[in-house]
Amino acid sequence: MVPRASVARAARRTLRPQCSRTPNHRRTLASANSAGYSYETGEVNGIKFASRDIPGPTTQLALVARAGTRFQVFPGFAEGLEKFAFKSTYKRSSLRITREAELLGAELFAYHSRENLVIGAKFLREDLPYFTELLGEVISKTRFTRHELHEEVIRVIKLNQHSILANTDQMALNSAHSVAFHRGLGTALHPTSSVPITQYLHEQELATFSQAAYAKPNFAIVANGASHDELQKWVGEFYNDSPATPPKDFPAIETKPSKYYGGEERIAHDGGNNMIIAFPGSGAYTGGHYKPEIAVLSSLLGGQSYIKWSPGFSLLARACKAQTQAHVSTRNLSYSDAGLLTISLEGKASHIRDASQAVVDILEAISGGDIEKDDIQKAIAKAKFRTLEAGQNIGTGLELTGAGLVQSGKASNLDGIAEAIEGVTEDAVKKAAKSLLEGKATVSTVGDLFVLPFAEEIGLHV
């Protein structure tokens with residue numbers, strides 16, 4: 001363990017010259033590109049890492065592993081691994097980890113997405129050695145005890161299952177992914193109450209899965225607010241216990257390419273009404289499946305307004321003015337080798353029915369060229385802003401960068417994405433809309449099925 005006092009003194013000596021320099025405000029304001037928000041990447045002892053040394057007194061550190069629900073070998077394993085983060089290790093109890101983090105004024109977090117498991121901490125800049133070591137300890141020395149699994153981990157998972165039963169929005173989104181991708185990306189983000197997780201979730205199997213998920217090729221370390229050289233030093237020192245390859249006596253993590261299927265699913269529910277109309281979208285920029293025209297089309301369709309006292313410029317916002325009790329939003333969900341363009345409708349069943357027809361009508365209008373050039377320019381500007389804002393966001397940037405390093409060995413290039421979006425033409429948007437309508441859609445409906453329409457009733461092919 002590195003003593004806090006000695007680390008703090010060394011950190012203050014390092015930071016003192018930086019703080020004494022006068023910042024060049026003119027240069028910062030004159031630069032419109034995203035160079036200041038780019039990550040510097042590297043590799044040490046087979047472990048990929050990246051850092052963004054933005055001046056400031058705090059640091060955010062994250063370990064991004066290829067262990068989301070897409071890659072879990074059995075149901076509930078991604079959630080189980082997430083819940084075991086910062087539990088007892090062979091060096092420290094969970095109580096000691098909690099108390100030490102509190103004494104340092106830090107915050108610990110863990111979550112999973114469909115592709116990634118993210119474990120991290122927010123802390124004072126001088127405490128980088130301690131938390132770099134802690135994350136290394138979490139992935140290589142967690143004990144996976146039976147009592148923690150049954151008394152804490154499974155108990156919390158079951159509580160989450162009950163909350164999902166009442167969440168029609170989450171239910172519709174899980175349904176849309178399942179219909180669109182079947183397995184892999186189609187796996188629910190959280191196991192539902194009908195999934196027999198206790199049949200699969202055992203401490204020994206979970207411990208073995210962790211060795212596969214935390215093998216060196218399957219994770220990356222990303223820091224925001226840390227020196228690149230300092231991060232490289234501590235990663236090289238504290239991650240020697242991570243296995244170089246996954247265990248051979250355990251089912252391999254599936255990495256086969258995603259395949260889009262499409263179709264329709266309807267779920268009766270009296271707790272709310274949700275309808276998701278989805279199409280093949282754009283993958284992540286680092287995965288080679290990026291489609292900038294989909295990002296522009298998403299902004300063009302829109303539905304929600306980001307400007308106060310205005311319904312917004314988007315086509316759906318204008319078309320659904322009369323459906324005051326239906327909330328409409330469009331977004332592209334990007335993954336390493338696929339994407340899902342989703343149009344979500346939530347609210348009163350009769351208003352959703354009318355709004356869903358407007359969605360199809362607008363897509364037909366776009367594909368037919370019935371669109372103003374001014375709307376295209378607004379959509380391009382909005383898509384560019386969304387992309388740059390997401391990359392600038394610390395939390396989002398950490399996961400995107402870590403996932404890019406694991407999947408393709410490179411971090412996301414914000415400038416490259418922005419240039420691609422700026423290069424989108426009106427013709428490209430028209431072709432994108434036409435291809436969506438000609439292909440198979442994904443339609444997931446949850447709520448009052450007597451009122452909510454079928455896909456064929458609004459003119460979609462499933």
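**Salt bridges, burial and a six-stranded sheet**

Q: What makes Asp427 and Lys431 a salt bridge?
A: In this predicted model, the closest N and O atoms of Asp427 and Lys431 are 3.4 Å apart. The cut-off is 4 Å between a Lys or Arg side-chain nitrogen and an Asp or Glu carboxyl oxygen, so the pair counts.

Q: Where do Asp427 and Lys431 lie?
A: Both sit in helix 16 (residues 426-438), 4 residues apart, or about one turn of the helix. In general, an α-helix has 3.6 residues a turn, so residues three or four places apart point the same way.

Q: Why is Asp427 called partly exposed?
A: Asp427 has 43% relative accessibility. Buried needs under 20% and exposed needs over 50%, so a value in between is partly exposed. Its partner Lys431 comes in at 56%, which is over 50%, so Lys431 is exposed.

Q: How do you know that Glu115 and Arg70 form a salt bridge?
A: Their side chains meet at 2.6 Å, N to O, and that is within 4 Å, so the pair passes. They come from distant parts of the chain, 45 residues apart: Glu115 is in the loop between strand 4 and strand 5, and Arg70 is in the loop between strand 3 and helix 3.

Q: Are Glu115 and Arg70 buried or exposed?
A: Glu115 has a relative accessible area of 5%, and Arg70 has 8%. Both values are under 20%, so both residues are buried.

Q: What makes Lys87 and Glu152 a salt bridge?
A: Their closest N and O atoms are 2.3 Å apart, so they also fall within 4 Å. This pair links distant parts of the chain as well, with Lys87 in the loop between helix 3 and helix 4 (94-103), Glu152 in helix 6, and the two positions 65 residues apart.

Q: How are Lys87 and Glu152 classed, buried or partly exposed?
A: One of each. Lys87 has a relative accessible area of 18%, under 20%, so Lys87 is buried. Glu152 has 27%, which is between 20% and 50%, so Glu152 is partly exposed.

Q: How many salt bridges does a search of the whole structure find?
A: The search turns up 19. Elsewhere, a network of salt bridges links Arg92, Arg96, Glu100 and Glu137.

Q: What makes strand 4 an edge strand?
A: First, the sheet: it is open, has 6 strands in the order 1-2-6-3-5-4, and its pairing is mixed. Strand 4 (107-112) pairs on one side only, as does strand 1 (40-44), the other edge strand.

Q: How do you know that strand 4 and strand 5 pair?
A: There are 6 bridges between strand 4 and strand 5 (residues 117-124). Pairing asks for at least two bridges, so the two strands pair, here in the antiparallel sense. Tyr111 has Val118 as its bridge partner, and His112 has Leu117. The two strands form a hairpin with 4 residues between them.

Q: Which sense of pairing do strand 3 and strand 5 have?
A: They are antiparallel too, over 8 bridges. Leu61, for instance, stands opposite Ala121 in strand 5.

Q: Why is strand 5 called mostly covered?
A: Of its 8 residues, 6 are buried, and each of those is buried because its relative accessible area is under 20%.

Q: What covers the buried residues of helix 8?
A: The cover includes strand 3 (58-65), helix 3 (77-83) and helix 6 (146-165). Among the buried residues of helix 8 (residues 203-213) are Leu206, Phe209 and Ala213.

Note on methods:
Residues are numbered from 1 along each chain as its sequence is written. This is a predicted model: local features need pLDDT of at least 70, side-chain atom pairs count only at pLDDT 80 or more; totals for chains, interfaces and linings use all residues. Side-chain values use heavy atoms; hydrogens and water are left out. Buried means under 20% relative accessible area, exposed over 50%, partly exposed in between (1.4 Å probe, protein chains only). Contact means heavy atoms within 4.5 Å.
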